[in-house]
Amino acid sequence: MVILDMATGIVPASFSSLKSREYDLGFARTADFGKLLFYSKSYRFRSSKFFAVKNSNKGSDIAELQLASEGSPLLVPRQKYCESLNKTVRRKTRTVMVGNVAIGSEHPIRIQTMTTTDTKDIAATVEQVMRIADSGADIVRITVQGKKEADACLEIKNSLVQKNYNIPLVADIHFAPSIALRVAECFDKIRVNPGNFADRRAQFEQLEYTEEEYQKELEHIEQVFTPLVEKCKKYGRAMRIGTNHGSLSDRIMSYYGDSPRGMVESAFEFARICRKLDFHNFVFSMKASNPVIMVQAYRLLVAEMYVQGWDYPLHLGVTEAGEGEDGRMKSAIGIGTLLQDGLGDTIRVSLTEPPEEEIDPCRRLANLGTRTAELQQGVAPFEEKHRHYFDFQRRNGQLPVQKEGEEVDYRGALHRDGSVLMSVTLDQLKKPDLFYKSLAAKLVVGMPFKDLATVDSILLRELPPVDDNNGRLALKRLIDISMGVITPLSEQLTKPLPNAIVLVNLKELSTGAHKLLPESTRLVVSVRGDEPYDELEVLKDIDATMVLHLLPFYEEKISRVHAARRLFEYLGDKSLNFPVLHHIQFPSGLHRDDIVIFAGANAGALLVDGLGDGVLLEAPDHDFDFLRNTSFNLLQGCRMRNTKTEYVSCPSCGRTLFDLQEVSAQIREKTSHLPGVSIAIMGCIVNGPGEMADADFGYVGGAPGKIDLYVGKDVVKRAIAMEHATDALIQLIKDHGRWVDPPAEE
């Protein structure tokens with residue numbers, strides 16, 4: 001028996017299994033020192049209800065553990081998850097060869113996608129692979145679910161070679177070890193899902209094991225998996241050990257919970273077998289439809305690899321991201337966050353669109369990651385003590401509090417779940433009704449009122465002249481409904497607007513220019529985040545309503561993400577809890593996809609760590625509605641403010657049992673007005689109850705022409721004819737009290 005000092009978190013490295021029901025935590029063996037594993041669900045060995053310690057390794061290395069965050073039940077080793085915390089440095093990896101394409105840190109970030117054709121339709125699959133290759137993909141994945149598909153793969157490969165297309169092909173395998181063995185003879189890489197390659201399909205049952213029973217399960221996995229590893233070695237094939245958050249086995253979920261921790265351990269079980277057999281030509285992936293979970297899982301994976309001394313490359317992706325801007329935003333948040341930390345060697349943007357459409361956003365993300373790493377964008381080194389890498393803990397800025405004597409209510413200037421600010425112009429004030437609608441305000445007899453997705457505050461860089469009664473009345477009506485109107489100090493001093501919030505910079509604060517304003521004036525402070533600490537000291541002497549974090553767009557060496565992290569560390573050290581909003585000023589001429597991806601990869605990279613209270617996006621040559629919608633999509637993608645229906649929609653593949661794009665559009669048309677409701681639209685059972693772990697309701701292909709409906713992970717209606725399935729889904733939502741009628745058009 002070993003006693004764990006919970007104050008210091010020091011344990012011997014030689015103990016492979018430790019369980020405490022009181023603290024709900026446990027240990028598993030590592031090569032170098034004890035690692036702590038987190039259980040989000042109850043688990044116990046039948047043989048013990050107390051610390052059960054098994055001494056498995058020789059040596060006396062000591063692992064120091066720390067709370068992942070204050071009050072968190074998760075203890076983690078004091079270990080790194082990326083090369084540098086203050087700048088983007090690409091993580092060093094080995095090279096993995098997929099056919100003639102090299103993956104790893106010494107090579108470009110590789111772009112890939114997946115076919116949507118029936119694999120048995122050889123001609124259609126070949127044509128689609130050719131289109132994908134012509135679009136610029138480096139690698140293509142094809143679903144291989146049975147013997148007929150495996151037989152077709154040889155002809156697909158030969159046909160492509162004859163047409164001078166040597167793009168590497170990857171077989172996507174679920175539940176079929178024998179099929180994986182067959183297709184390894186012709187394809188360049190095999191993707192296995194640890195959750196269902198050797199384990200049965202998850203029934204979401206809570207299981208109990210003795211240590212002996214659990215070990216037998218691992219021996220079964222090794223017995224099933226070893227032949228594939230040996231065949232890949234023989235033929236020089238690559239492998240992806242690809243864990244999905246929603247398709248963990250019952251065994252893993254019972255032991256580790258439905259958690260990032262479980263995702264990592266599920267993959268490591270397979271990786272240990274590969275290493276035991278001296279096979280190293282593999283990559284890892286940790287996919288989830290929730291970008292927050294996805295980021296945590298990859299970080300845990302890399303942290304464990306650093307502990308083990310492993311250097312395997314990473315395949316990045318947010319699974320079931322959806323379509324259009326929503327899908328691009330979710331992918332940008334998840335993939336972009338990791339690229340900013342130098343993680344990721346090949347990426348896929350999963351969209352419910354033709355696979356060729358995935359290549360462009362994929363390339364934009366790869367270019368962003370490559371440029372950031374090549375420049376090693378960052379800030380001067382700083383100590384990071386407050387950010388939580390492995391579990392989500394939001395830093396809640398202090399929302400505006402009403403002060404005695406104030407004539408208007410400022411509490412609505414920010415929203416508790418995340419705020420959207422918009423920059424407006426004097427021209428917009430000339431047509432008040434259109435202006436209010438552009439802010440997504442409701443109009444009642446021409447008067448604006450805030451709604452669920454109304455902009456919280458506006459930035460007006462130029463105030464209307466003092467004698468412009470109409471313009472000033474339009475602003476007063478916004479102030480009266482608790483919308484913040486922010487204007488620069490120079491404007492407020494020369495053309496004062498009653499109850500405006502005034503934007504100042506650090507220089508104006510340090511020179512005392514703001515003291516020319518009435519004492520009760522509310523202030524917004526704009527900062528870069530990389531200023532010398534003595535310049536930031538002035539923040540301690542003011543009562544700011546909010547802080548805007550703003551860096552010029554074309555900074556060559558300074559990283560927006562790292563500068564913001566540095567700013568949050570400073571605020572935490574000084575116990576300053578101002579709300580901080582991420583302010584990005586885009587230059588003219590950018591493609592709208594670049595705006596979505598840059599915002600997701602930069603502001604999103606901070607929001608998924610709980611750092612930030614909202615966004616202000618400016619792009620002079622882009623539609624106002626687009627920028628507003630992008631802002632709200634960013635908050636929703638980071639699991640903050642929910643203003644519309646959330647869709648978890650698979651990208652389609654050869655397993656899909658209906659026209660996913662068409663059906664998805666039909667469902668969205670009828671259900672897009674249900675904020676707070678999450679709907680999964682899945683083409684088949686492989687991407688069914690497991691993959692839609694985040695969804696309230698599920699629409700899943702059960703058989704050709706038939707749909708199964710789910711509530712959570714439980715099937716409630718089976719074999720509904722396609723033509724009736726959407727109406728049945730709506731009725732199901734109504735039966736559970738989650739339906740509201742669409743708002744009447746004005």
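Select α6 and α7 to start: their crossing is right-handed. This is a predicted model. Helix α6 spans residues 260–276, and its axis comes within 8 Å of the axis of α7. The two axes cross at roughly 50°. An angle of that kind is neither roughly parallel nor roughly perpendicular under the cut-offs used, and α6 and α7 are therefore oblique to each other.

Now show the side chains at this contact. From α6, pick Pro 260, Arg 261, Met 263, Val 264 and Phe 268. From α7, pick Ile 293, Gln 296, Ala 297, Leu 300, Leu 301, Glu 304, Met 305 and Gln 308. Colour them by class: nine are nonpolar, two are polar and two are charged.

**Zoom out**

Show the whole chain as a cartoon. The protein has 20 helices and 31 strands. Colour by burial next. Of the 746 residues in the protein, 62% are buried. Then draw contacts between residues with a separation of 6 or more. Residues 24 or more positions apart account for 71% of these.

**The cores**

Nonpolar side chains tend to be buried together in soluble globular proteins. Select Met 239 and Phe 284. These two touch the most other members of the largest nonpolar core, which has 154 residues. Add helix α7, residues 291–308. This helix gives the core its largest share, 11 residues.

Stay on Phe 284 and show what surrounds it. Leaving aside residues up to four places away in sequence, Phe 284 touches Ile 241, Ala 267, Phe 268, Ala 271, Leu 301 and Met 305, among others. The list also includes Trp 310, Tyr 312, Pro 313, Leu 314 and His 315. Phe 268 and Leu 301 should be familiar, as both also take part in the contact of α6 with α7.

Another core lies apart from this one. It has 28 residues. Select Ile 667, Ala 680, Met 682 and Tyr 699, which are among them.

**Helix α8 and its partners**

Go to α8, residues 324–340, and add α9, residues 356–375. How do their axes lie? They come within 10 Å and cross at roughly 25°. That makes α8 roughly parallel to α9, since angles under 35 degrees count as roughly parallel. The crossing is right-handed.

Show the contact residues. On α8 they are Arg 328, Ser 331, Ala 332, Ile 335, Gly 336, Leu 339 and Gln 340. On α9 they are Glu 357, Pro 361, Leu 365, Leu 368, Gly 369 and Thr 372. Six of these residues are nonpolar, five polar and two charged.

Keep α8 on screen and swap α9 for α18, residues 624–637. Here the helices pack at an angle of about 50°, with axes 10 Å apart. That makes α8 oblique to α18. This crossing, too, is right-handed.

Which residues of α8 meet α18? They are Glu 325, Asp 326, Met 329 and Ile 333. Opposite them, select Phe 626, Asn 629, Thr 630, Asn 633, Leu 634 and Gly 637 in α18. By class, this contact has four nonpolar, four polar and two charged residues.

**Phe 435**

Move to helix α11, residues 432–438, and pick Phe 435. Is Phe 435 buried or exposed? Its relative accessible area is 2%, so Phe 435 is buried. The cut-off for buried is under 20%.

Now show its contacts. Beyond residues up to four places away in sequence, Phe 435 touches Val 424, Gln 428, Leu 429, Ile 458 and Leu 478. Put a distance label between Phe 435 and Val 424. From C-alpha to C-alpha they are 9.1 Å apart, with their positions 11 residues apart in sequence.

**Two positive phi angles**

Select Asn 499, in the loop between α13 (489–494) and β22 (501–505). Asn 499 is not a glycine, although its phi is positive, about 70°. With a relative accessible area of 23%, Asn 499 is partly exposed.

Finish at Ala 719, in strand β31, residues 714–721. Ala 719 also has a positive phi, near 55°, in a residue other than glycine. Its relative accessible area is 47%, so Ala 719 is partly exposed.

Technical notes:
Residues are numbered from 1 along each chain as its sequence is written. This is a predicted model: local features need pLDDT of at least 70, side-chain atom pairs count only at pLDDT 80 or more; totals for chains, interfaces and linings use all residues. Side-chain values use heavy atoms; hydrogens and water are left out. Axes are lines fitted to C-alpha atoms, for helices over the stretch in contact, and angles run from 0 to 180 degrees between N-to-C directions. Helices (H or I, at least four residues) and strands (E, at least two) are DSSP runs, numbered from the N terminus. Angles under 35 degrees count as roughly parallel, over 145 as roughly antiparallel, 65 to 115 as roughly perpendicular and the rest as oblique. A crossing is left-handed if the near helix is turned anticlockwise from the far one by less than a right angle, and right-handed if clockwise. Contact means heavy atoms within 4.5 Å. Ala, Val, Leu, Ile, Met, Phe, Trp, Tyr, Cys and Pro count as nonpolar, Asp, Glu, Lys and Arg as charged, and the others, Gly among them, as polar. A nonpolar core is a set of buried Ala, Val, Leu, Ile, Met, Phe, Trp, Tyr and Cys residues joined through side-chain atoms within 4.5 Å. Buried means under 20% relative accessible area, exposed over 50%, partly exposed in between (1.4 Å probe, protein chains only).
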